[in-house]
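Open your viewer and get ready to click along. We will move from one selection to the next and look at what is there.

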Amino acid sequence: MPPRDEKMTNKAIVYSSTLGKTRKIAKHIAKELGADSFDLKKQTIINLSEYNHVIFGTGIHAGKPYRALVDFLNNNKEQLSGKKRSLFISCKLDAERGEEQLTKVSKELGINDAFFFPSKSEKDENGIDVSLGSFIKEMSKR
Ligand SMILES: Cc1cc2nc3c(=O)[nH]c(=O)nc-3n(C[C@H](O)[C@H](O)[C@H](O)COP(=O)(O)O)c2cc1C
């Protein structure tokens, strides 16, 4: 029998959102994956020891990921080493320019497993990106 307080999830979502779009996506992913989520606006000190996969999310301003996420990654290199890391960005740019931006941002953050959700992408009746389903499936395999 596992200890009673053992979590089913080993995934955490750590996100930075200014206008709420990234938060909405993060909350949806967390619900679907049964993962815990952490809003860097509310909390910048996060103990990630019980997680082995951390999914980061951020919006983009002027081609850059949000400062709160950049700072968190810089300040937590030690506790993140050895963990699987993925990234999603919510942004305006789509298609080729969106891909280019994603490549640049993922390099800058040092996270290769990266995805983007452009604001123009197709939404379901709840305003959720339809491409989120396949992202969640991918994340559940990590
Ligand atoms: C001032 C400003 C600058 C932005 N710059 C970019 C940009 O360079 N590239 C891009 O793809 N989206 C850009 N966007 C769009 C945001 O990244 C997008 O709306 C994102 O979903 C916001 O995430 P949030 O709601 O979680 O803050 C910009 C938005 C604002 C308000």
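This tour starts at the ligand and then follows one strand and its partners. Keep in mind that the model is predicted.

**Stop 1: the ligand.** Select the ligand and the 18 residues around it. Which of them come nearest? They are Leu19, Lys21, Thr22, Gly59 and Cys91. Now color the shell by residue type: you should find five nonpolar, 10 polar and three charged residues. Next, show the helices and strands. Helix H1 (21-33), strand S3 (53-61) and strand S5 (84-91) each give at least two residues to this shell.

**Stop 2: strand S3.** Select residues 53-61, which form S3. Is S3 mostly covered or mostly open? Seven of its nine residues are buried, so mostly covered is the answer by the cut-off of 20 or more other C-beta atoms within 10 Å. While you look at the side chains, remember that in a regular strand they alternate between the two faces of the sheet.

**Stop 3: the parallel partners.** Add strand S1, residues 11-16, which pairs with S3 in the parallel sense through six bridges. Zoom in on Ala12, and you will see Val54 of S3 standing opposite. Then add S5: this strand runs parallel to S3, and seven bridges join the two. Here, select Gly57 and find Phe88 of S5 opposite.

**Stop 4: the hairpin.** Finally, select strand S4, residues 64-65, which pairs with S3 in the antiparallel sense over two bridges. Ile60 stands opposite Pro65 of S4. The hairpin of S3 and S4 has two residues between the strands, and in it Ala62 takes a positive phi near 50°.

How values were computed
Residues numbered from 1 in each chain as written. Predicted model: local features only at pLDDT ≥ 70, side-chain atom pairs only at ≥ 80, totals over all residues. Near = placed C-beta within 6 Å. Helix = DSSP H or I, 4+ residues; strand = E, 2+ residues; numbered from the N terminus. Nonpolar A, V, L, I, M, F, W, Y, C, P; charged D, E, K, R; others polar. Buried ≥ 20, exposed ≤ 12 C-beta atoms within 10 Å, placed from the backbone. Pairing = 2+ DSSP bridges.
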